[in-house]
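Here is a friendly walk through one protein model, meant to be read with the coordinates open beside you. Have a look at the structure first, and then follow along.

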Amino acid sequence: MNTAKDHAEEYYKVLFDDKAKIDAFDKIAEAYYYANFGSESKSDLETLMFSIYIEQILKTNLDSMEKYSDYTLSKLLGITQSRISSLKERKQLQYPYEDFDWKKSFMRISKNAIFENGKIKMQIPDRNLYIEIQNAIETAGGFIEVQLNRKLLQVELTYFIDLMLALSDEADRKTIRQQLAAQAQGNIKDIDLPEYESFGKALKGRSPEIISDIISGCVPFFKGPVKSIVQNIIECMKRSR
């Protein structure tokens, strides 16, 4: 009967071939053998070791979040999920993963979104992804409701429009904003939209049906992962009716 340790050992052997082991040791050597032995703290060493490990997983499983979820990694490494979450955050600050495209990760997660009580809700299994989404929402002038469950994202539907604008490339934002304003004014006769007004604030209190119609009318003007996210949110709203 295989124990948890046996499984972790087998998975390690799958992840690290001889070249990967050499590359990993070179990174450790850089932290210890370049006339700097002992200069790393225990926390820094753990972050480095975690970074080496998770990047091996990400190389072949970037699209499968369950492969590097807090739960999966806690089982493999024998530590709590809260420590895994903290290590992920520290790793991204000290050793940013170059292929981490949080917009594409958000696109995959958005397929599981639900619409309830005027809010878009979704589980965000990765702490770094949650942080990026939170920053984008707050930078756009919106806010998220912090939950006891730190993986649950809740944002009001109106502020979701501002988020989609923030995620879009700067070169596309003016056109998208113009189309959103035209759709809003076509659906709401008494609305006033100053040029730089937050759509979330301007549309607050309007019915979900009107908001959905406004967003739907602008789908062709969004691009790349953002367009897919918008389409996924429209679908989740349809399912809620």
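Asp-126 caps the N-terminal end of α7, with a side-chain oxygen 3.1 Å from the backbone nitrogen of Asn-128. Such a polar contact is a pair of N or O atoms within 3.5 Å; within protein, one must be able to donate a hydrogen and the other to accept it, and residues adjacent in sequence count only if both atoms are side-chain atoms. Please keep in mind that this is a predicted model, in which local features need pLDDT of at least 70 and side-chain atom pairs count only at pLDDT 80 or more, while totals for chains, interfaces and linings use all residues. Residues are numbered from 1 along each chain as its sequence is written, and side-chain values use heavy atoms, with hydrogens and water left out.

Helix α7 itself covers residues 127-139. Helices (H or I, at least four residues) and strands (E, at least two) are DSSP runs, numbered from the N terminus. The expected span of a helix is 1.5 Å times one less than its number of residues, so the 13 residues of α7 should span 18 Å, and the end C-alpha atoms are indeed 18 Å apart. Among the buried residues of α7 (under 20% relative accessible area, with exposed over 50% and partly exposed in between, for a 1.4 Å probe and protein chains only) are Arg-127, Asn-128, Tyr-130 and Ile-137. The buried residues of this helix pack against α5 (81-94), α6 (102-110), β3 (152-156) and α8 (157-167).

Lys-88 sits in helix α5. Is Lys-88 buried or exposed? Lys-88 counts as buried because its relative accessible area is 2%. Not counting residues up to four places away in sequence, Lys-88 touches several residues, including Tyr-68, Asp-70, Asp-126 and Asn-128; contact means heavy atoms within 4.5 Å.

Another buried residue is Val-226, at 4% relative accessibility, which has its place in helix α12 (residues 224-240). Leaving aside neighbours within four places in sequence, Val-226 is in contact with Met-164, Leu-167 and Ser-168. Here are two residue pairs side by side.

| Pair | Separation in sequence | C-alpha to C-alpha |
|---|---|---|
| Lys-88 and Asn-128 | 40 residues | 7.0 Å |
| Val-226 and Leu-167 | 59 residues | 6.6 Å |

Met-164 also belongs to the largest nonpolar core, a set of buried Ala, Val, Leu, Ile, Met, Phe, Trp, Tyr and Cys residues joined through side-chain atoms within 4.5 Å. Of the 65 residues in this core, Phe-106, Ile-120 and Met-164 touch the most other members. The element that gives the most to the core is α8, with 8 residues. Beyond four places in sequence, the contacts of Met-164 are Phe-106, Phe-222, Val-226, Ile-229 and Val-230.

What is the volume of the largest cavity? The volume is about 150 Å³. On a 1 Å grid over the protein atoms alone, a cavity is a set of points where a 1.4 Å probe fits but cannot get out, and lining residues have an atom within 4 Å of a point. This cavity is lined by 13 residues, of which Leu-58, Tyr-68, Phe-100, Asp-126 and Asn-128 lie nearest its centre. The elements giving two or more residues to the lining are α3 (42-61) and α5, and α5 gives the most, with 3 residues.

Overall, the protein has 12 helices and 3 strands, and buried residues make up 42% of its 241 residues.

Terms used: 1 Å grid on protein atoms, 1.4 Å probe; cavity = no way out; pocket = protein on both sides within 12 Å on 5 of 7 lines; lining within 4 Å. Points joined across faces, edges and corners; volume = space filled by probe spheres on them.
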